[in-house]
Amino acid sequence: MSLPLLQLALDHTDMDAALQTAQLLHQDVDIIEAGTILCFSAGIEAITRLRSQHPTKTLVADFKVADAGATLADMAFSAGANWMTVICAAPLATFATALDVAKRYEGDIQIELFGHWTLEDARQWRNLGLTQAIYHRGRDAQASGQQWSQHDLNAMQELSDMGFALSVTGGITPAELPQFRNIDVKAFIAGRALSDSPNGLDTASQFHQAIANIWGK
Ligand code: 5RP
């Protein structure tokens, strides 16, 4: 297993605050994400301004697209995104059209796994050529007490066995990482743990330390 990457999710409601956080942490994270909340708040500028501030960083447009895959993918990739998320509830046609556009820009589509989906869905996504999935514990589910379970870990393993590169997100902190030690994680996506920390640089360093301790052996 290679070492999981660290992805910074910017879920600010204020664009300038998001840019400040990105400026502070960009050297300490591998991937920057314009989070869904920021995209709602700032629109496509969330992508253009982050791209202009960080010209070479992998940038994710977390649009959680449910329809109009080609149009929204064209907006995301022409603004500078490398990857765009499509929600697992979207029809296969939305995945297919979004992926076509992504390939034209040499980008990629990530399946955002929330709520209900099945392994048969996953097989169909793989057949379409999708290779990235994000295993997500939603912030509302987390706030209502949902913990990571053995069911989650088993599902992650099955997705990994199918050939998906798997990112994991949803209230992730450095202390939570050991429970994923047997999973081949491509990236941990952290939002509030980094952005709301009194010292985000220290928190980023704790993430890297935990990753090295667990996956570096
Ligand atoms: C919410 C998201 C978030 O960007 C993601 O879950 C990371 O944020 P946090 O670490 O604060 O939960 O996609 O839908």
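Trainee: What makes β2 and β3 count as paired strands, and which way do they run?

Mentor: This is a predicted model, by the way. Strand β2 (residues 31-34) and strand β3 (residues 58-65) are joined by four bridges and run parallel. Pairing takes at least two bridges, so with four bridges β2 and β3 qualify. For one concrete partner, look at Ala34, which bridges to Ala61 in β3.

Trainee: And what is the overall fold those strands belong to?

Mentor: A closed barrel of eight strands, in the order β1-β2-β3-β4-β5-β6-β7-β8, with parallel pairing. From one strand to the next, the twist averages 25°.

Trainee: How do you know that helix α4 packs on the sheet, and which strands does it touch?

Mentor: Go by the contacts. Helix α4 (residues 69-78) touches β3, β4 (83-87) and β5 (108-113). Contact here means heavy atoms within 4.5 Å. The direction of α4 makes about 150° with that of β4. Helix α8 (residues 150-161) also packs on the sheet, touching β5, β6 (132-136) and β7 (165-169). Its direction makes about 180° with that of β6. Angles run from 0 to 180 degrees between N-to-C directions, so α8 and β6 point in opposite directions.

Trainee: Why is β7 called largely enclosed?

Mentor: Four of its five residues are buried, so the rest of the structure largely encloses β7. The cut-off for buried is under 20% relative accessible area.

Trainee: What are the pairings of β7 with β6 and with β8?

Mentor: With β6, β7 pairs in the parallel sense over five bridges, and Tyr135 has Val168 of β7 as its bridge partner. With strand β8 (residues 185-190), β7 pairs in the parallel sense over four bridges, and there Ser167 has Ala187 of β8 as its partner. Set against the minimum of two bridges, both count as pairs.

Trainee: Now the ligand. Which of the residues around it come nearest?

Mentor: There are 13 residues around the ligand, and the nearest are Asp11, Lys64, Gly171, Gly191 and Arg192.

Trainee: What makes the approach of Arg192 to the ligand a polar contact?

Mentor: The limit is a pair of N or O atoms within 3.5 Å. A polar side-chain atom of Arg192 lies 2.6 Å from an oxygen atom of the ligand, so that pair passes. Glu33 passes too, with a side-chain N or O atom 3.2 Å from a ligand oxygen, and so does His136, at 3.1 Å.

Trainee: How much of the ligand does the protein cover?

Mentor: The protein covers 94% of the 370 Å² of accessible area that the ligand has on its own.

Definitions and conventions. Residues numbered from 1 in each chain as written. Predicted model: local features only at pLDDT ≥ 70, side-chain atom pairs only at ≥ 80, totals over all residues. Heavy atoms only, no water. Buried < 20%, exposed > 50% of the residue type's maximum accessible area, 1.4 Å probe, protein only. Near = heavy atom within 4 Å. Polar contact = N/O pair within 3.5 Å; in protein donor to acceptor, adjacent residues only side chain to side chain. Areas by Shrake-Rupley, 256 points an atom, 1.4 Å probe, with all protein chains shown as cover.
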